[in-house]
Amino acid sequence: MNWQQLISNKRLGQEERHALRHDDRSEFKRDSDRLIYSAPFRRLQNKTQVFPLPGSVFVHNRLTHSLEVASLGKSLGDDVARKLTETHPELRGTLFEEIGTIVQTACYAHDMGNPPFGHSGEKAIQAFFTEGPGANLKEKVSRHFWEDITHFEGNANAFRLLTHRFLGRREGGFVMTYSTLASIVKYPFSSTYASKHGKFGFFATEEETYQKIANELGIIQKDSSEAGICYVRHPLTYLMEAADDICYEIMDIEDSHKLKLLSFEETSDLLLGFFDEATRKSIRKRIEDEGVTDRNEQVVYFRACAVGLLEAECVNVFVEHEEEILNGTFEESLIKHISEQPRQAYQHCTEVSKDKIYRSKAVLDVELSGYKIMETLMEALIGAAVEPEHFHSQQLIRRFSSQYDIQSPCLETRVMAVLDYISGMTDIYALDIYQKINGISLPLI
């Protein structure tokens, strides 16, 4: 692959206008603005990140997480652009210098396809078809569609959200640039290629769209069959992924300290564990010299130091492995290739997070509740899609926004309309519909 082809500001759905555009430098910024001002992006403020929605202590939701990931993604992209233009002077003055903005925009979008209640919501959708009443649909739908819904994935749903032409909307969905859309897809293959972890990059309905983008950008195709397609990643996807990896791991540590799931000593040991002894002493001395005695502020400083180190490490890995990345032979994430001490420290944070954070009572409680809410919504709304002629089905169908093709004569289209509707809900809206379906709440009279 080559950078000149990989970075394109051609827009999905407006390809015929591409030659008429002359404001090249603003196209990727326009992508970014388009997402920030969109309703799906705003709804991230009411979607669970890890912990239940904020109470007396403010912790991260999907929106604050996405903003932080985007900020870090911009730094990663800008730093890579600066370093690579030094070794590849022919890239100066080209669209390549805009990769910081492309990565930033991909980071804004990376969680937009996630359903309510995070991974618990994803699991509830998958389980409805593999273990619940939805299992009887297997003989009524195509194999590819069945693989899509039984592996339902927030990443694939984000690509659909941005590219699918919903009813009443324009061709190309959000009409984003090709490079931005390709940078969002962490798993550039069909659900039929999904491995044990069940991840994939696009539903069958968007497979042709991804193939068109990938072929235009010169992304290497690994495999193709009647069952689906498989490509290597667009190089900028590694930077988006690194920003997400760094933010969710490090920020969850900070949130856990605020919620008293981790003591100050545990938190400082985790965050300073990325540095050698001399650097740790230097960091502590600076805090002391500046008179910072508030422990929360000390944690903020430790966190900033850790994020800064990891950002620099990932930039170096990307630059050092540029050839492998462009050849499609680079394996795993950037974070897996950083220097030994920070890599081990990151792994230690991951282990502590699994043990003390993700299995904490606060997290388990919201996952249990979220799973039940999603299970109920799936049963009621998929039931309405399968048997739309029933009276209760018609009542439920009237709740759908006009953009969702719930009236289609095609069963698969109606099922996807339900998944579009449910995955677009905020946690609170999902709870509200759940209560109404169960007769728990009634509008005030």
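In this predicted model, the domain assignment divides the chain into domain 1 (3–14 + 23–234), domain 2 (236–361) and domain 3 (367–438). Between domain 1 and domain 3 there is a contact to which domain 1 contributes 32 residues and domain 3 contributes 29 residues. The centres of domain 1 and domain 3, taken over C-alpha atoms, are separated by 23 Å.

The secondary structure of the chain consists of 20 helices and 2 strands. Along the principal axes, the C-alpha trace spans about 70 × 55 × 40 Å. For a chain of 445 residues, a compact globule would be expected to have a radius of gyration near 22 Å, and the value of 23 Å found for the chain therefore agrees with that expectation. Of the 445 residues, 55% count as buried. When contacts between residues at least 6 apart in sequence are considered, 73% of these contacts join residues at least 24 apart.

Empty space within the model was examined next. Rolling a probe the size of a water molecule over the atoms shows where such space is left. The count comes to 1 cavity of 30 Å³ or more, and the largest cavity has a volume of about 120 Å³. The lining of the largest cavity includes Pro40, Arg43, Lys47, Met112, Gly113 and Asn157, together with Leu161, Phe166, Tyr404, Asp420, Ser423 and Gly424. By class, these lining residues are divided into 5 nonpolar, 4 polar and 3 charged. Two helices, α8 (154–163) and α19 (411–423), each supply at least two residues of this lining. At the level of domains, at least three residues of the lining are drawn from each of domain 1 and domain 3.

The second largest pocket holds about 320 Å³ of space. This pocket is lined by 19 residues, of which Pro40, Arg43, Arg169, Gln403 and Tyr404 are the closest to its centre. The lining of the second largest pocket comprises 9 nonpolar, 7 polar and 3 charged residues. Because domain 1 and domain 3 both give residues to this lining, the second largest pocket lies between the two domains. Pro40, Arg43 and Tyr404, which are named among the residues closest to the centre of the second largest pocket, also appear in the lining of the largest cavity.

Note on methods:
Residues numbered from 1 in each chain as written. Predicted model: local features only at pLDDT ≥ 70, side-chain atom pairs only at ≥ 80, totals over all residues. Heavy atoms only, no water. 1 Å grid on protein atoms, 1.4 Å probe; cavity = no way out; pocket = protein on both sides within 12 Å on 5 of 7 lines; lining within 4 Å. Points joined across faces, edges and corners; volume = space filled by probe spheres on them. Nonpolar A, V, L, I, M, F, W, Y, C, P; charged D, E, K, R; others polar. Domains from an automatic or database assignment. Helix = DSSP H or I, 4+ residues; strand = E, 2+ residues; numbered from the N terminus. Rg over C-alpha atoms; globule rule 2.2 N^0.38 Å. Buried < 20%, exposed > 50% of the residue type's maximum accessible area, 1.4 Å probe, protein only. Contact = heavy atoms within 4.5 Å.
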